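Let's take a walk through this structure together, one region at a time. Have the sequence and the 3D view at hand as you read.

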Amino acid sequence: MLPLYAARIEDLGQGELVKVDCAACHHVALLASEFLLRLGLSSQTKVLDLKERVRCRGCGKRGRAVVSIKCRGRDA
């Protein structure tokens with residue numbers, strides 16, 4: 001596994017999800033790489049770059065995301 005600062009969408013393995021936590025309202029979203037690609041993001045997009053691009057579905061704020069990678073079936 002690559003360090004988070006270097007990981008790109010294309011680097012996500014089978015069963016790995018992008019976990020997005022909203023620092024404002026604590027809403028959590030788990031996003032699969034296939035979903036991100038269907039949104040029109042490039043496979044070369046860095047995972048950490050998503051934190052400035054996503055808007056929370058809970059409170060509508062942008063730029064408050066905390067991004068990490070989570071393996072399906074494990075708490076992390």
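Does Leu36 count as buried or exposed? Before settling that, please keep in mind that this is a predicted model. Leu36 has its place in helix α1, and because its relative accessibility is 2%, under the 20% cut-off, Leu36 counts as buried. Setting aside residues up to four places away in sequence, Leu36 touches Ile9, Val18, Leu31, Leu41 and Leu50. Asp11 offers a reference point for distance: 25 residues separate it from Leu36 along the chain, and their C-alpha atoms are 13 Å apart.

Leu36 also leads us to the largest nonpolar core, which has 13 residues. Val18, Leu36 and Val47 are the ones with the most contacts inside this core. Two elements, β1 and β3 (65-71), give two or more residues to it, and the largest share, 3 residues, comes from β3. In soluble globular proteins, nonpolar side chains tend to be buried together. If you now centre your view on Val47, you can look for its contacts with Leu4, Ala7, Arg8, Ile9, Val18, Val67 and Ile69, again not counting residues up to four places away in sequence.

Back in helix α1, have a look at Ser33, which is found there too. Ser33 counts as buried because its relative accessibility is 11%, and the cut-off for buried is under 20%. Leaving aside neighbours within four places in sequence, Ser33 is in contact with Ile9 and Leu12.

Next comes the strand pairing. Strand β1 (residues 16-22) and strand β2 (residues 28-31) pair in the antiparallel sense, over 4 bridges. Val18 stands opposite Leu31 of β2, and you may recall that both Val18 and Leu31 are among the residues that Leu36 touches. The two strands form a hairpin with 5 residues between them.

Where does His26 sit? You will find His26 in the loop between β1 and β2. Its phi is near 70 degrees, a positive value in a residue other than glycine. His26 counts as exposed because its relative accessibility is 63%, and exposed means over 50%.

Leu30, in strand β2, falls between those classes: Leu30 is partly exposed because its relative accessible area is 44%. Not counting residues up to four places away in sequence, Leu30 touches Leu17, Val18, Lys19 and Lys70. For Leu30 and Leu17, 13 residues apart along the chain, the C-alpha atoms are separated by 6.0 Å.

Our last stop is the largest pocket. How much space lies in it? The figure is about 420 Å³. Of the 19 residues that line this pocket, Ala29, Leu31, Val54, Arg55 and Arg57 are the closest to its centre. The hairpin strands return here, since β1, β2, α1 (33-38) and α2 (50-53) each supply at least two residues of the lining; β1 gives the most, with 3 residues. Sorted by class, the lining of the largest pocket has 12 nonpolar, 1 polar and 6 charged residues.

Leu31 makes a good place to pause, as several parts of the tour meet there. This residue stands opposite Val18, is touched by Leu36, and is one of those closest to the centre of the largest pocket.

Key
Residues are numbered from 1 along each chain as its sequence is written. This is a predicted model: local features need pLDDT of at least 70, side-chain atom pairs count only at pLDDT 80 or more; totals for chains, interfaces and linings use all residues. Side-chain values use heavy atoms; hydrogens and water are left out. Two strands pair if DSSP finds at least two bridges between them. On a 1 Å grid over the protein atoms alone, a cavity is a set of points where a 1.4 Å probe fits but cannot get out, and a pocket is an open set with protein on both sides within 12 Å along at least five of seven lines; lining residues have an atom within 4 Å of a point. Grid points are joined across faces, edges and corners, and a volume is the space filled by probe spheres set on the points. Ala, Val, Leu, Ile, Met, Phe, Trp, Tyr, Cys and Pro count as nonpolar, Asp, Glu, Lys and Arg as charged, and the others, Gly among them, as polar. A nonpolar core is a set of buried Ala, Val, Leu, Ile, Met, Phe, Trp, Tyr and Cys residues joined through side-chain atoms within 4.5 Å. Buried means under 20% relative accessible area, exposed over 50%, partly exposed in between (1.4 Å probe, protein chains only). Contact means heavy atoms within 4.5 Å.
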